[in-house]
Amino acid sequence: MTTVNAPKINEYKEATRVERVGAQSHIRGLGLDGDLEPRNISQGMVGQKKARKAAGIILNTIRAGKIAGRSILIAGQPGTGKTAIAMGIAKALGNDIPFTAMAGSEIFSLQMSKTESLTQAFRRSIGVRIKEETEIVEGEVVEIEIDKSATSGAKTGKITLKTTEMETIYDLGAKMIESITKEKISSGDVITIDKVSGRISKLGRSFAKASEFDALGPQTRHVQCPEGEIEKRKEVVHTVTLHEIDVINSRQKGFLDLFSGDTGEIDPEIRDQIDSKVAEWKEEGKADIVPGVLFIDEVHMLDIECFSFLNRALESDKAPIVILATNRGITNIRGTNYKGPHGLPIDLLDRCLIIQTEPYNEAEIRSILEIRCEEEDVEMTEEAKEVLTKIGVDTTLRYSIQLITTANLVAQKRKSNEVDVEDVRRVYSMFIDHVRSTQYLRDHQAEYMFDEYQKQTQKMQVE
């Protein structure tokens, strides 16, 4: 029988994050107030007030964690903020609630069955909040003494910690000395030491040292000196997903398989054993189930087999909230000869709460372009913004957003720090939109291979 192991991370390493500007990187949340009323412009969100308010109700449902297996369909024209609303929900939920995003076409490119890839996506979206008690040493550093042997070069040392009530001296091993050096711990820092793993964490700088002149920088966090005993028991809570537990218990490499990328198909028996163990932990009060969110964009790309799987999977008591998005109208259901609203079968559509998005008006397009200029760190004149807004109204919002960076590059070439009207006009002439591209093909289709447009025109004239 497979032993179910909960992943335990004993060391944390800081990694430098590379911030890249993406299509939705300006989204910080849904932009709602305490009464779930949408603000005009907030947290990167503009317009779509009805849709955002509906998404706010869903957000509160997810946070409550008591309802599983509900599906939401965000439907609307291309470029009306469907993905932005889903990302707003993800940002508002924070890191503690699992959020998995995928495109409907992804399952056809993975080296596993469609149902297996959907199962893994479902289990990535279900968290297990595991509670553990551990013994720690917590206090303010009074003094650190580190000595190096002249013969062997080995380091030994002592650290003096205090709380508001007591003071104690502890011997330091080589590993702990290395950790203290790495964390740059000094007198006046408040730290915790895990007695089991020996891991040292710096909580911040003591308020007693706040008045001293130290080159600490603006990011320094000041905390109170701990109270009571130095040695204490503390409850540690960490959240993992069911998929992570599946991987750990189904591969010989264990935890390293989480980083290998290709997990392959997982034996259903292992999943059953894990579900039983998690249920046991829940009964004993050691863990809680955290239903998260699975977001499937371009859901119309799924086929009838996937839709059948979703119908069954949504009935599970451990199913996450499933948010679907599509820009299709009445179109073919993949894998059948039948048409359905949004390309979905009626039995799945009947399970969905549908949120409708609407096209942006001119003022909203202007606000979104200003937000994107700020996000992409582009200075632009008011006249250029007016021209870009007009382009967005006449063509598409996405096209006008794409012109921001290219117009900035043209402005930089002429040694200007600000994008002007001429820069926008130049890139507008260099990169055509889909309307002008379509018109060009109609005018010059005969010069291209497979002149289908001319054949269709001739056929219509004959009829």
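**Helix α3, aromatic pairs and salt bridges in the predicted model**

Helix α3 is mostly covered, with eight of its eleven residues buried. The buried residues of α3 are Glu116, Ser117, Leu118, Thr119, Gln120, Ala121, Phe122 and Arg123. The model described here is predicted.

The protein chain as a whole contains 14 helices and 17 strands. Of its 463 residues, 42% are buried. Among the contacts in the protein chain with a separation of 6 or more, 67% are between residues 24 or more positions apart. The chain exposes about 27,200 Å², and 49% of this area is supplied by carbon and sulfur atoms.

Two aromatic pairs were found in a search of the whole structure. One of them is formed by phenylalanine 122 and phenylalanine 309, whose ring centres are 6.1 Å apart and whose planes stand at 90°, so the pair is edge-to-face. This pair links distant parts of the chain: phenylalanine 122 belongs to helix α3 (residues 114-124) and phenylalanine 309 to helix α7 (residues 304-313), with the two positions 187 residues apart in sequence. Phenylalanine 122 has a relative accessible area of 6% and is therefore buried, the limit being under 20%. Phenylalanine 309, with a relative accessible area of 9%, is likewise buried.

Tyrosine 399 and tyrosine 428 also form an edge-to-face aromatic pair, with 6.3 Å from centre to centre and 65° between the planes. Tyrosine 399 is located in helix α11 (residues 397-413) and tyrosine 428 in helix α12 (residues 421-430), so this pair ties together parts that are 29 residues apart in sequence. Tyrosine 399 counts as buried, at 11% relative accessibility, whereas tyrosine 428 counts as partly exposed, at 29%.

Arginine side chains lie over aromatic rings at two further sites. Over the face of tyrosine 428 lies arginine 436, at 3.7 Å from the ring centre. Tyrosine 428 thus takes part in an aromatic pair with tyrosine 399 and has arginine 436 over its face. Arginine 334 is placed over the face of phenylalanine 108, at 4.9 Å from the ring centre.

The count of disulfides comes to zero. Cysteine 306 is buried, at 1% relative accessibility, and cysteine 373 is buried as well, with a relative accessible area of 3%. Cysteine 306 falls within the residue range of helix α7 (residues 304-313), the helix that holds phenylalanine 309.

Side chains of opposite charge can pair when their charged atoms come close. The structure holds 24 salt bridges. In one of them, the side chains of glutamate 138 and lysine 232 meet at 3.3 Å, N to O. Glutamate 138 is part of strand β5 (residues 126-148) and lysine 232 is part of strand β11 (residues 231-241), so the salt bridge ties together parts that are 94 residues apart in sequence. The two partners differ in exposure: glutamate 138 is buried, with a relative accessible area of 12%, while lysine 232 is partly exposed, with a relative accessible area of 25%.

A salt bridge is also formed by aspartate 189 and arginine 205, the closest N and O atoms being 3.0 Å apart. Aspartate 189 lies in strand β8 (residues 189-194) and arginine 205 in strand β9 (residues 200-206), so the parts tied together are 16 residues apart in sequence. In this salt bridge, both aspartate 189 and arginine 205 are buried.

Within a single helix, lysine 277 forms a salt bridge with glutamate 280, and the closest N and O atoms are 3.6 Å apart. Lysine 277 and glutamate 280 are three residues apart in helix α6 (residues 268-283), so about one helical turn separates them. An α-helix has 3.6 residues a turn, so residues three or four places apart point the same way. Lysine 277 counts as partly exposed, at 27% relative accessibility, and glutamate 280 is partly exposed too, with a relative accessible area of 37%.

Salt bridges that share partners join Glu116, Arg123, Asp246, Arg271 and Asp275 into one network. Two members of this network, Glu116 and Arg123, are among the buried residues of α3.

Conventions. Residues numbered from 1 in each chain as written. Predicted model: local features only at pLDDT ≥ 70, side-chain atom pairs only at ≥ 80, totals over all residues. Heavy atoms only, no water. Helix = DSSP H or I, 4+ residues; strand = E, 2+ residues; numbered from the N terminus. Buried < 20%, exposed > 50% of the residue type's maximum accessible area, 1.4 Å probe, protein only. Contact = heavy atoms within 4.5 Å. Areas by Shrake-Rupley, 256 points an atom, 1.4 Å probe, with all protein chains shown as cover. Phe/Tyr/Trp six-rings, centres within 6.5 Å; stacked < 30°, edge-to-face > 60°. Lys NZ or Arg CZ within 6 Å of the ring centre and 35° of its normal. Disulfide = S-S within 2.5 Å. Salt bridge = Lys/Arg side-chain N within 4 Å of Asp/Glu carboxyl O.
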